[in-house]
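Colleague: I'm new to this one, so could you walk me through it? I'll ask, you explain.

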Amino acid sequence: MVSFVSLVLTAVAVAGAHGIPANVTEGFGLLARAGTPSSAGTNNGFYYSWWTDNAAQATYTNGAAGQYTLTWSGNNGNLVGGKGWNPGSARTINYRGTYQPNGNSYLAVYGWTRNPLIEYYVVESYGSYNPSSAAARKGTVNCDGATYDILQTTRVNQPSIDGTQTFQQYWSVRNPKRAPGGSISGTVSTGCHFNAWASLGMNLGNHNYQVVATEGYKSSGTATITVS
């Protein structure tokens, strides 16, 4: 996220650039260290994406299989990291672990498509800022036993996986959110959300990456998440 400044929507713009780093290496494990550099690739059979603007003290570490750990502090900067798949698809995603944000943060299924260029979120939990408060509400959907608010926004000349572009953001935000601050787990049937979006004219394109991401802006926190 690039700026939760007054809108969380600005925050999401740089999330679009988070998957851009080109050093893609199978089995490349990021060492636990302050200021882990931005990177993307494959690790232990999963795709990972990690992006930071280097303003926060942030450490991203790939673990076994679908696990990652992210710790950030300093109440400064933008960052996002997670594990999943490339390409994404209408799959059922399970996640479990701990999520302890202090301030602005998301835990979400996050991805991109091309043709059309779409950035999307299925937000499971968040910190102090509810992203649905700053987007156009389109409706609701019930997926996996929970209600989600469906929202849409337009990003104009903002960073994306294809450089600076104008594109749509699609959102499903769990209402109520899963409680942050400790252990967290859940299931996201992405096809349920994709079908609901399509019924509202919110069509996706060809899938690029899809991860269960932890995102933060001018905040602090820690997350250890395992994706399957």
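Colleague: With which side chain does the side chain of Thr226 make a polar contact?

Modeller: Quick background: this is a predicted model, where local features need pLDDT of at least 70, side-chain atom pairs count only at pLDDT 80 or more, and totals for chains, interfaces and linings use all residues. Residues are numbered from 1 along each chain as its sequence is written, and side-chain values use heavy atoms, with hydrogens and water left out. A polar contact is a pair of N or O atoms within 3.5 Å; within protein, one must be able to donate a hydrogen and the other to accept it, and residues adjacent in sequence count only if both atoms are side-chain atoms. At 3.5 Å, the partner of Thr226 is the side chain of Gln67.

Colleague: Is Thr226 buried or exposed?

Modeller: Thr226 sits in strand β12, residues 206-227 (strands are DSSP runs of E, at least two residues, and helices runs of H or I, at least four, numbered from the N terminus). Buried means under 20% relative accessible area, exposed over 50%, and partly exposed in between, with a 1.4 Å probe and protein chains only. Thr226 has 15% relative accessibility, so the verdict is buried.

Colleague: Which cysteines does a disulfide join?

Modeller: A disulfide here is a pair of cysteine sulfur atoms within 2.5 Å, and searching the whole structure turns up one. With S to S at 2.0 Å, the pair is Cys143 and Cys192.

Colleague: How many residues apart in sequence are the parts that the pair Cys143 and Cys192 ties together?

Modeller: Cys143 is buried at 1% relative accessibility, while Cys192 is partly exposed at 27%. Cys143 belongs to strand β8 (residues 136-143) and Cys192 to helix α2 (residues 190-199), so the disulfide ties together parts whose separation in sequence is 49 residues.

Colleague: Why is the pair of Tyr48 and Tyr60 stacked?

Modeller: Rings of Phe, Tyr and Trp (its six-membered ring) pair if their centres lie within 6.5 Å; planes under 30 degrees apart count as stacked, over 60 as edge-to-face and the rest as tilted. The whole structure holds 15 aromatic pairs. For Tyr48 and Tyr60 the centres are 6.2 Å apart, and the pair is stacked because the angle between the planes is 20°.

Colleague: What kind of aromatic pair do Tyr120 and Phe194 form?

Modeller: Tyr120 and Phe194 are both buried. Their rings are 5.4 Å centre to centre with 80° between the planes, which makes the pair edge-to-face.
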